[in-house]
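Here's a quick walk through one model, written for someone who likes cut-offs spelled out. Have a look at it first.

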Amino acid sequence: MTKETVEDLRRTSLASVEAAATIEELDNARRELLGKKGSLTQILKGLGGVDPELRKELGSLVNQLKGELDGAIELRRKALSSAKLDQALEREWIDVSLPVHSRIALADNGGLHPLTRVQRELEHIFRGLGFTVVDGPEVETDYCNFEALNIPDTHPARDMQDTFFTTCGHLLRTHTSSIQVRSLQRMKPPLRIVAPGRCFRYERLDASHEHTFYQMEGMMIDRHVTVGHLIYFMRTLLREIFGGEQKIRLRPGYFPFVEPGFELDIWFQGRWLELLPCGLVHPKVLEFGGIDSSEWNGFAFGLGLSRLVMSRFQIDDIRHLQSGDLRFAKQFR
Ligand code: PHE
């Protein structure tokens, strides 16, 4: 055994570590070098028969080589396992931002329901008039839906707005007017809000009555608000929505939460359409909301959103709107 023997082994062994392409190959190479019968182990064993002078020299060379090999194997192992991880990541990677290529998505790009379209148009118009768009819950308290709107428990106005009740005493709101109450509680006057939303009533169903329908509430509270302001805003709204000045009429209408109260009708296709109940906010409603009615007043309206959509698109049956029938919905894209 000579120095060359060790030198040769260094070259071949380092090369075989470098050549390992997988963790398994690396383990094999390691076994062949450092295992019980490995070439380096053999050399170490063989040192016993070598001349003592040379043995010392060769022994330290072999130990040095062993250290070198250990380091090289460790390095290679790290490289191989991170490559393995990279490959797995490459293989298993999914782009969650990619749109779904379902057959439906490819065949049909979808569109907005006519209710949504008109609702968004209205929101846009009112934002331009300084109104804030607000929201309220569909499951309401008796207090917000009735009590604080000046409709006490025994009031006959409740009969016209029978609805669905939960077992814990709440109800599905019968109108978006409950959001008047919530807004008064939360916001300080002066305020201007619109609140579109779904409402529910216990109805006998026909072409113009549905248990589920949409309204858009509006309210403006300020100083010295008059019926003139109310009419101005209603006219503006109708002009924007129908694309031109509309013929309207104002009739007295009774709602416990406005005084005076009106029905604002518009002349549409040869007849008067009842579309916009409204009035000046009843002082009691302001007081319920903690607002001083000697300083502030305002108007409120409850636009029949489902009705507006029906007249705008000439839909003859309110039940189409919630039918979920795509043949219906697709006509308005
Ligand atoms: N909330 C009333 C209804 O649904 C409509 C309304 C709203 C009337 C605001 C006046 C003022 O019948």
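What follows covers the domains, one helix and the ligand site.

This is a predicted model, so to speak of local features a pLDDT of at least 70 is needed, side-chain atom pairs count only at pLDDT 80 or more, and totals for chains, interfaces and linings use all residues. Numbering runs from 1 along each chain as its sequence is written, and side-chain values use heavy atoms, with hydrogens and water left out.

The domain assignment (automatic or from a database) splits the protein chain into domain 1 (3-91) and domain 2 (114-332). Their C-alpha centres are 84 Å apart.

Now for helix α4, residues 52-92. Helices here are DSSP runs of H or I with at least four residues, numbered from the N terminus. With 41 residues at 1.5 Å a residue (times one less than the residue count), α4 should span 60 Å, and its end C-alpha atoms agree at 59 Å apart. Its buried residues (under 20% relative accessible area, 1.4 Å probe, protein chains only) include Leu58, Leu65, Ile73, Arg76 and Ala88. Among the elements covering them, by contact (heavy atoms within 4.5 Å), are α1 (3-19), α2 (23-34) and α3 (39-46).

Which residues come nearest to the ligand? Of the 15 around it (a heavy atom within 4 Å), they are His175, Ser177, Arg201, Gln215 and Gly302. Some polar contacts (N or O pairs within 3.5 Å) are tabulated here.

| Side chain | Ligand atom | Distance |
|---|---|---|
| His175 | nitrogen | 2.9 Å |
| Ser177 | nitrogen | 2.8 Å |
| Gln215 | oxygen | 2.9 Å |

The protein covers 94% of the ligand's own 330 Å² of accessible area (Shrake-Rupley, 1.4 Å probe).

Notes:
Helix = DSSP H or I, 4+ residues; strand = E, 2+ residues; numbered from the N terminus. Buried < 20%, exposed > 50% of the residue type's maximum accessible area, 1.4 Å probe, protein only. Polar contact = N/O pair within 3.5 Å; in protein donor to acceptor, adjacent residues only side chain to side chain.
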